[in-house]
Amino acid sequence: MISTLRFPIRSHIGWGSIEKLLPELQNLKLSNILIVTDQTLVKIGLVDQYLSPLKEEFTVNVYTDVEPEPTLRCAETLVAFTRQGEFDCVIGLGGGSALDLAKLAAVVSQNDGSVKDYLNLTGTKPLVHKGIPKILIPTTSGTGSEVTDIAVLSLEGTKDVVTHDFLLADLAIVDPQLTISVPKRITAATGIDALTHAVEAFLSINANEATDALALKAVKLISGSLENAVENGEDKEARTAMSFGSYLAGLAFFNAGVAGVHALAYPLGSQFKLPHGESNAVLLPYVMKYIAPSCLQKMNIVCDILTKEDKNPTPDDYLQIFYRLVENVGLPTTLKEYGISESYLSTLTEDAVKQKRLLGRSPMPLNQEDIFQIYHLALHGVKAGI
Ligand code: NAD
C-alpha cells in the first residue's frame, strides 16, 4: 500500500523561534502585511511584544475581530476586509480560531465568491487560486492548525470546514514562549485537543508507519507535560513539550485524520458553544471505551504510554484511563455539567451523523444508534474508580 504524506513547506519550532519571522519576511520582499489575531492577545500585549518590530520595515494592519470558534459570518467579514486591502501577506497569530481565519483571508479573498461557496458539506465551488502567502504562528498548544489544510467554522447546529492544499501555511512558527500566558482552563482544553488529535490519528483506518511515529511521540510529549503546563504556566520545559507535541499531533492527524471524538464534538461546539478542546475532552473517555474492541492492540499501546504501565487493560480500564486524564486537568467529564439533558441527545446525534468525513476514519464504524449510545454514556459519565 502506498502512503502519501503532506507537510507545510517550512516550520521553525522551539523557544525563541519567533525571531525567525523578521528575516523570513525580509526574504519574501513584502510591503503590506495583514495580521489576523484576536482582541485578548492585543490586550495582554502579546501582539505588540512580538510583532511591533515589523512596523519599522513594513506597513502592518492588525485585524482583531476574531471570535473563538469563528462563525461563517465572521469569516465572510474578514474576507471582504482582505479584498479591500491589497495585502501581500497574511500572518495568523493566535489560537486555532485566528489561524483558521488567516488561512481563509489569504486564500478565499483571492478567489471568486464567498467562504460559503467553498464549505465541505454544502459548498459548490472549487478553489482556483492559491492566494497570498500565509504565515501561521500558534499561541495555544492544541489545534495543530499551523500544519493542516483545514479551516473550521461554526454554523447553525454544526461545524463545517474549508479544506484544500492552498490553505497550508507557507511558513509555520511554533514558539512555546507565546503560550506562557494561556490561562489554566484553556491550557487544559487545548492540550486535551492535541492529545485527541494524536490518539485519533493513531487509531485511524488511514494511519501508516509515518503517522504512527508522529502520533506516538505526540502522545508521549503531551501526556508527560500537560499537567505541569496547567499547574504552572511558566514551566518552560512543559510548554516546550506541549508545543512540539501539538505540532506533531497536527502533522499526524492532518495525514491520517481524526474520527469519532471530533465528529461527536462538532455539534457540542455549535449547539452549546463548548470550546473545541472541551467538547473533545468531555467525549474522549466514552468514545475510547466504545471503539476499543475494534482496535485493542493499538489502544493498549496508547494506554501503556498514558499509564506508564505495561499491562492489558479491560474496556472499563480504557474509560478510566482517559477519564482520569481529563479529570486531572480540571475539565468537566460529563455533558450534564454543561447543562445538556437527555432531550438534546437526538438532535446532537442527527448532526454528528452528518460528519461522514470524520466518521469514515473510525476503526469501528459508528452508526446513528452507536452515536446516541456514546452521547448517552457521556451524559452522566462514570465516576473514576467504579
Ligand atoms: P481559540 O483560538 O478559540 O482561543 C481560545 C481563547 O484563548 C481565546 O479567547 C484566545 O484569545 C485565548 N488565547 C489564545 N492564545 C492565548 C495566549 N497565548 N494567552 C492568553 N490567551 C490566549 O482556541 P483554540 O482551541 O486554539 O482554537 C479553536 C478553534 O480551532 C476552533 O474553531 C476549532 O474548531 C479550530 N480547530 C482547527 C483545526 C485545524 O486544523 N484548522 C483543528 C482543530 C481545531
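Reader: Which helices each supply at least two residues of the lining of the second largest pocket?

Author: In this predicted model, helix 7 (209–231), helix 11 (296–307) and helix 12 (315–328) each supply at least two residues of that lining. The largest share, six residues, comes from helix 12.

Reader: What makes a residue part of the lining of the second largest pocket, and which residues are closest to its centre?

Author: A residue counts as lining when one of its atoms is within 4 Å of a point of the pocket. For this pocket, which holds about 340 Å³ of space, 19 residues form the lining, and Leu306, Thr307, Ile321, Arg324 and Leu325 are the closest to the centre. By class, the lining has eight nonpolar, four polar and seven charged residues.

Reader: Why are some spaces called cavities and not pockets?

Author: A space is called a cavity because a 1.4 Å probe fits there but cannot get out, whereas a pocket is open. With a lower limit of 30 Å³, the count comes to three cavities in this model. The largest cavity has a volume of about 50 Å³, and the second largest has about 40 Å³, so both belong to that count.

Reader: How do you know which helix gives the most to the lining of the largest cavity?

Author: The lining consists of Ser141, Thr179, Val182, Thr187, Thr190, Gly191, Ala229, Arg239 and Met242. Helix 6 (184–203) and helix 8 (236–256) each supply at least two residues of this lining, and helix 6, with three residues, gives the most.

Reader: What makes five residues of the lining of the largest cavity polar?

Author: The lining divides into three nonpolar, five polar and one charged residue. Gly191 is in the lining, and glycine counts as polar in this scheme, so Gly191 belongs with the polar residues, whereas Arg239 is the charged one.

Reader: Which residues line the second largest cavity?

Author: The lining is made of Glu200, Leu203, Ser204, Ala259, Met288, Ile291, Arg361 and Pro363. Helix 6 and helix 10 (276–291) each supply at least two of these residues, and by class the lining has five nonpolar, one polar and two charged residues.

Reader: How do you know which residues are around the ligand, and which come nearest?

Author: A residue is placed around the ligand when one of its heavy atoms lies within 4 Å. There are 30 such residues, of which Asp38, Ser97, Asp100, Thr139 and Thr148 come nearest. Helix 2 (39–43), helix 5 (96–108), strand 6 (150–154) and helix 6 each supply at least two residues of this shell, and helix 5 gives the most, with four. By class, the shell has twelve nonpolar, 13 polar and five charged residues.

Reader: What makes the pair formed by Gly96 and the ligand a polar contact?

Author: A polar contact needs a pair of N or O atoms within 3.5 Å. A backbone N or O atom of Gly96 lies 2.8 Å from an oxygen atom of the ligand, so this pair meets the limit. Two further pairs, at Leu178 and Ser181, can be set against that limit: a backbone N or O atom of Leu178 lies 2.9 Å from a nitrogen atom of the ligand, and a polar side-chain atom of Ser181 lies 2.8 Å from a nitrogen atom of the ligand. Taken alone, the ligand exposes 860 Å², and the protein buries 93% of that area.

Reader: Why is the ligand said to lie between domain 1 and domain 2?

Author: The ligand lies between them because domain 1 (11–179) and domain 2 (184–380) both give residues to the shell around the ligand.

Key:
Residues are numbered from 1 along each chain as its sequence is written. This is a predicted model: local features need pLDDT of at least 70, side-chain atom pairs count only at pLDDT 80 or more; totals for chains, interfaces and linings use all residues. Side-chain values use heavy atoms; hydrogens and water are left out. On a 1 Å grid over the protein atoms alone, a cavity is a set of points where a 1.4 Å probe fits but cannot get out, and a pocket is an open set with protein on both sides within 12 Å along at least five of seven lines; lining residues have an atom within 4 Å of a point. Grid points are joined across faces, edges and corners, and a volume is the space filled by probe spheres set on the points. A polar contact is a pair of N or O atoms within 3.5 Å; within protein, one must be able to donate a hydrogen and the other to accept it, and residues adjacent in sequence count only if both atoms are side-chain atoms. Accessible areas come from the Shrake-Rupley method with a 1.4 Å probe; for residues, only the protein chains shown count as cover. Domain bounds come from an automatic or database domain assignment.
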